[in-house]
Structures are given as C-alpha cells and as structure tokens.
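Reader: I would like a close look at one part of this model, taken slowly and set in its surroundings. Please begin from a single residue and work outward from there.

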Amino acid sequence: MGKEEKARFTVRLARPGDMAAIMEIERTAFRPAVRASNERIGLRLALFPRGFWVLEQEGQVAAWVSSLLLSEETLRTLRTLEESEQTLDENLHRPDGRVLYIRSLGVRPASQRQGCGQALINCLLGIARKNGWPLVVLLAEPKNEKYYVEKFGFERTSGYRLFQGGNHAVFEKRMV
Ligand SMILES: CC(C)(COP(=O)(O)OP(=O)(O)OC[C@H]1O[C@@H](n2cnc3c(N)ncnc32)[C@H](O)[C@@H]1OP(=O)(O)O)[C@@H](O)C(=O)NCCC(=O)NCCS
C-alpha cells in the first residue's frame, strides 16, 4: 500500500453504534486472555466518550482506542496496590482527572502496520497536550514495548501498578 493510500482514513469519536465493529476488532486482534467484554468496553465509552476514538478506512471501522482519566491521587494509591486489591480499571475513572490512561488500542489484522495505531495514539496525545494533562500512562505487553517507546517516546515505569491480565508493564509519557 502506497503512502497516499495510507493517508485515506478518518479519525472520529466513537459512537454507541460502532460497538459491533469495535467488538469484532477486539475478537480478531486480541488473544482470549486479554480480550475485554462488550460490557466493559461499552462502559468505557459511556464513562469517557471524549477519550474513545475510532479510525475508519473506506467507511469501515478499522481501529479503535479507548481511554480513562485518572486522578493524581488515584495514581498515588496505585503505587502500592497489590494484585488482590485490584478493581476494574473502569472504577478508577475520574471525570476531573488529569492523567490520561490509554486503556486499549486495537487495529484489525488487515489494517495493521499502516499507521492506524499511530494516528489514534497521536490523537489522544494531542488531546492530553491541549488539556494540559501532565501525564499519559498505558500498559503494554512485551511484544509492543518497542512500539510505544520508539514511536511515541513512552518510558517504562515501576512507579505505579495497573493490572490487565497477561504480562503487561506500565509505560508513561510526561507531557509537560
Ligand atoms: C500493536 C498495534 C496496536 C500497532 O498498531 P498498528 O496500526 O499496527 O501500527 P502502526 O501502523 O501505527 O505502526 C507501524 C510502525 O510501528 C512498528 N510496529 C508496529 N507494531 C509494532 C510492535 N508490536 N513492536 C514494534 N514495532 C511495531 C512497525 O514496524 C511500523 O514502523 P514503520 O512505520 O517504521 O514501518 C496493532 O498492531 C495491534 O492492534 N495489534 C494486536 C493487538 C495488540 O497487541 N494491541 C495492543 C495491546 S498493548
């Protein structure tokens, strides 16, 4: 696919009507151990619609990203959280939080490595910058660590703990 073709996509806010396409990407891009349910993904959209975006290619949803807002106080409690104390990430959302937690990024297999993930992450980084939010955090599996470090300048941190199943590490990017 050439560069001009690559650019032919639209990034827009997700809508409830996108849920079927979003869940299809969840099913095809993620292995069962790290897949989230329709209820949890729907909850993320309801809690923080401004942080949930889709990318359309030729009129079809090809990728999506969801996020939550954490308060700096919540982040402090996550420094010492034990696995047994974990709660659903969606419970950590605070509408007035200033830490953007990129909760999940999925690109359908046929659209991977064409810049879709990059467009969605850059969209969220732009929102964080515009709002003056000082920190963006995410979890990544070892196979994707290089992606977040090399493409976007995230750094691995052991400063706080977030749990998502699988073998994820926490990454952060300071925005100021
Ligand atoms: C990992 C994922 C989100 C990346 O998104 P993407 O749209 O495929 O990747 P992009 O097109 O934005 O980025 C492509 C570039 O990043 C690199 N890249 C992509 N995935 C990578 C990875 N896992 N590790 C290292 N580099 C990677 C490519 O080499 C490419 O580099 P180039 O532009 O210099 O050629 C996507 O492939 C995906 O959904 N995978 C399956 C589910 C998953 O793992 N989700 C993330 C959970 S943390």
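In which element does Arg129 lie?

Author: The model is a predicted one, and what follows should be read with that in mind. Arg129 lies in helix 5. With 13 other C-beta atoms inside 10 Å, Arg129 counts as partly exposed, because that class lies between the limits of 12 or fewer for exposed and 20 or more for buried. Arg129 also has a partner from another stretch of the chain: Val176 is 47 residues away from Arg129 in sequence, yet their C-alpha atoms are 8.3 Å apart in space.

From Arg129 one can turn to the helix that carries it, since helix 5 (116-131) supplies at least two residues of the largest nonpolar core. That core has 41 residues, and those with the most contacts inside it are Ala63, Trp64, Ile102, Leu120 and Leu138. Besides helix 5, at least two residues each come from helix 2 (19-29), strand 2 (53-57), strand 3 (60-70), strand 4 (99-107), strand 5 (135-140) and strand 7 (169-174). Strand 3 gives the most, with 8 residues. As a general matter, nonpolar side chains in soluble globular proteins tend to be buried together.

Ile102 gives a more local view of this core, for, leaving aside residues up to four places away in sequence, Ile102 touches Val65, Ser67, Ile121, Leu124, Val136 and Leu138.

Helix 2, another contributor to the core, also meets helix 3 (residues 38-47), and the axes of the two come within 11 Å and cross at roughly 125 degrees. That angle makes helix 2 oblique to helix 3, and the crossing is right-handed. On the side of helix 2 the contact is made by Met19, Ile22, Met23 and Glu26, and on the side of helix 3 by Asn38, Ile41 and Gly42. By character, these residues divide into 4 nonpolar, 2 polar and 1 charged.

Strand 7, which likewise supplies residues to the core, leads to a last residue, Tyr160, whose place is in the loop between strand 6 (155-157) and strand 7. Like Arg129, which is partly exposed, Tyr160 is partly exposed, here with 18 other C-beta atoms within 10 Å. Tyr160 touches Leu75, Leu78, Arg79 and Val170, again not counting residues up to four places away in sequence. Tyr160 and Arg76 are 84 residues apart in sequence, while their C-alpha atoms are 7.3 Å apart in space.

Conventions
Residues are numbered from 1 along each chain as its sequence is written. This is a predicted model: local features need pLDDT of at least 70, side-chain atom pairs count only at pLDDT 80 or more; totals for chains, interfaces and linings use all residues. A nonpolar core is a set of buried Ala, Val, Leu, Ile, Met, Phe, Trp, Tyr and Cys residues joined through C-beta atoms within 7 Å. Helices (H or I, at least four residues) and strands (E, at least two) are DSSP runs, numbered from the N terminus. Two residues are in contact if their C-beta atoms, placed from the backbone, lie within 7 Å. Axes are lines fitted to C-alpha atoms, for helices over the stretch in contact, and angles run from 0 to 180 degrees between N-to-C directions. Angles under 35 degrees count as roughly parallel, over 145 as roughly antiparallel, 65 to 115 as roughly perpendicular and the rest as oblique. A crossing is left-handed if the near helix is turned anticlockwise from the far one by less than a right angle, and right-handed if clockwise. Ala, Val, Leu, Ile, Met, Phe, Trp, Tyr, Cys and Pro count as nonpolar, Asp, Glu, Lys and Arg as charged, and the others, Gly among them, as polar.
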